[in-house]
Amino acid sequence: MAVSISLAAFGEGPAVAPGATAPLDFTDFNPADTARVAPLFEAEEIVYESVPAVPCPTFRDGMKVNYWQLGTPVVVGAAASLFVRTPKLVQAREYVQKHLSQHGNHKTTVDNYLQYAPIVASYGLYACGLKGENGLLDRTIIAAMSYTIFVAINAGMKYAFHEKRPDSNAHNSFPSGHTGTAVTGAEFLRREYWSTSPWIGVAGYAVALTTAYLRIHNDRHWINDVVGGAAVGYFSTTLAYWLYPKIFRKRYERHMKEREERLARECAGLDLPRRRNSVTGFGAPFAGSGVVGFSMALTF
């Protein structure tokens, strides 16, 4: 079988005469480079010939975290906290509550279960063969870090702000734990499958948005509670992805090496993924018999 490869794709290496064979070596591979390779028989050997390059697949790095992603939820959460004690803002949230909540009527318990849907979906997709950014152990470590951070911040803020719930005398309203739990899972889902399809992240956030609305619909939270909860949830997952490479340095370095090798093989045409970026979906809200929610289906 004819085999060809661009030398520029793999950096400098020992000179190999045309027609000679050598084992595949992805050392110093740069995913920005391009190459075309075909396997020779069943062994991982190639014949080097200079050929025109072809574009490598676009890869979105779900592990990458910048300071804007860490700072923005802090600002949003701080702004939401102003609605707890500022008189004019308290009046504004009461106006919103009047028009969005059912004041205790037509309550539903869907949100009690819906909050866990994004994180459950991430493991469900993995079980179905859609592997995502990290392996099972690494994603479990990151998920555990995300929810640990969220629980700690959420509990501390509830204690500090001591905000009264709209429907009871309980003083633990700000921020919304249900919304934060859903957004923590939604951001985890988005990052794990960012390079596979953005629709997976959209589905996760659609569920989180539905959860946030139902908390207001059930008159369990003010609108600033769900905004604050969403900010804490997003911050918790983002911080976990930022901390993971620093705490588990060796695991992260191994992950990066494996990912670069996988990209090299994909660019070389050896391990092309099945139906890459081919996830589609649709969704719609539903209501009936005292139950409201959001239904979504994904095809991959």
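Let's start at Asp219, which lies in the loop between α7 (198-217) and α8. This is a predicted model, so keep that in mind throughout. Asp219 is not a glycine, yet its phi is positive, about 65°. Is Asp219 buried or exposed? Its relative accessibility is 8%, so Asp219 counts as buried.

There is a second case of this kind. His106 also has a positive phi, about 55°, and is not a glycine. Find His106 in the loop between α2 (87-100) and α3 (110-114). Here the relative accessibility is 57%, so His106 counts as exposed. Most residues other than glycine have a negative phi, and most peptide bonds are trans.

That brings me to the peptide bonds. Which two residues does a cis peptide bond join? Phe174 and Pro175, with omega at about -5°. Pro175 sits in the loop between α5 and α6. Look at what packs against Pro175. One contact is Asn154, a residue of helix α5. Asn154 also contacts Ser176, Gly177 and Val232, leaving aside neighbours within four places in sequence. Asn154 has 8% relative accessibility, so Asn154 counts as buried too.

Stay in that loop. Arg165 is found there, between α5 (136-161) and α6 (177-192). Arg165 is buried, and it has no salt bridge. How far away is the nearest side chain of opposite charge? That side chain is Asp167, at 5.5 Å. A salt bridge needs the charged atoms within 4 Å. What Arg165 does have is a polar atom of its side chain 3.1 Å from the backbone oxygen of Arg220. Beyond four places in sequence, Arg165 touches Lys158, Ala170, Asn172 and Ser173. Arg165 also touches Arg215, Arg220, His221 and Trp222.

Next, helix α8. Helix α8 covers residues 223-247, 25 residues in total. From first C-alpha to last, α8 reaches 36 Å. That is close to the 36 Å expected at 1.5 Å a residue. How many of the residues of α8 are buried? The count is 18 of the 25, so α8 is largely enclosed by the rest of the structure.

Now the core. The largest nonpolar core has 18 residues. Which members touch the most other members? Met63, Ile142, Phe188, Tyr241 and Tyr244. Helices α5, α8 and α9 (249-268) each supply at least two residues of this core. The most comes from α5, with six residues.

Take Ile142 as one example. Setting aside neighbours within four places in sequence, Ile142 is in contact with Met63, Phe188, Tyr241 and Tyr244. Those four are also on the list of core residues that touch the most other members. Ile142 contacts Asn134 and Ala240 as well.

Last, the whole chain. The protein chain has nine helices and four strands. From the N terminus on, the order is β-β-α-α-α-α-α-α-α-α-α-β-β. Of its 300 residues, 45% count as buried. Take contacts between residues at least 6 apart in sequence: 76% of them join residues at least 24 apart.

To recap the places to look at on screen. See the cis bond between Phe174 and Pro175. See buried Arg165, with no salt bridge. And see the positive phi at Asp219 and at His106.

Note on methods. Residues are numbered from 1 along each chain as its sequence is written. This is a predicted model: local features need pLDDT of at least 70, side-chain atom pairs count only at pLDDT 80 or more; totals for chains, interfaces and linings use all residues. Side-chain values use heavy atoms; hydrogens and water are left out. Buried means under 20% relative accessible area, exposed over 50%, partly exposed in between (1.4 Å probe, protein chains only). Lys and Arg count as positive and Asp and Glu as negative; His and the chain ends are not counted. A polar contact is a pair of N or O atoms within 3.5 Å; within protein, one must be able to donate a hydrogen and the other to accept it, and residues adjacent in sequence count only if both atoms are side-chain atoms. Contact means heavy atoms within 4.5 Å. The expected span of a helix is 1.5 Å times one less than its number of residues. A nonpolar core is a set of buried Ala, Val, Leu, Ile, Met, Phe, Trp, Tyr and Cys residues joined through side-chain atoms within 4.5 Å.
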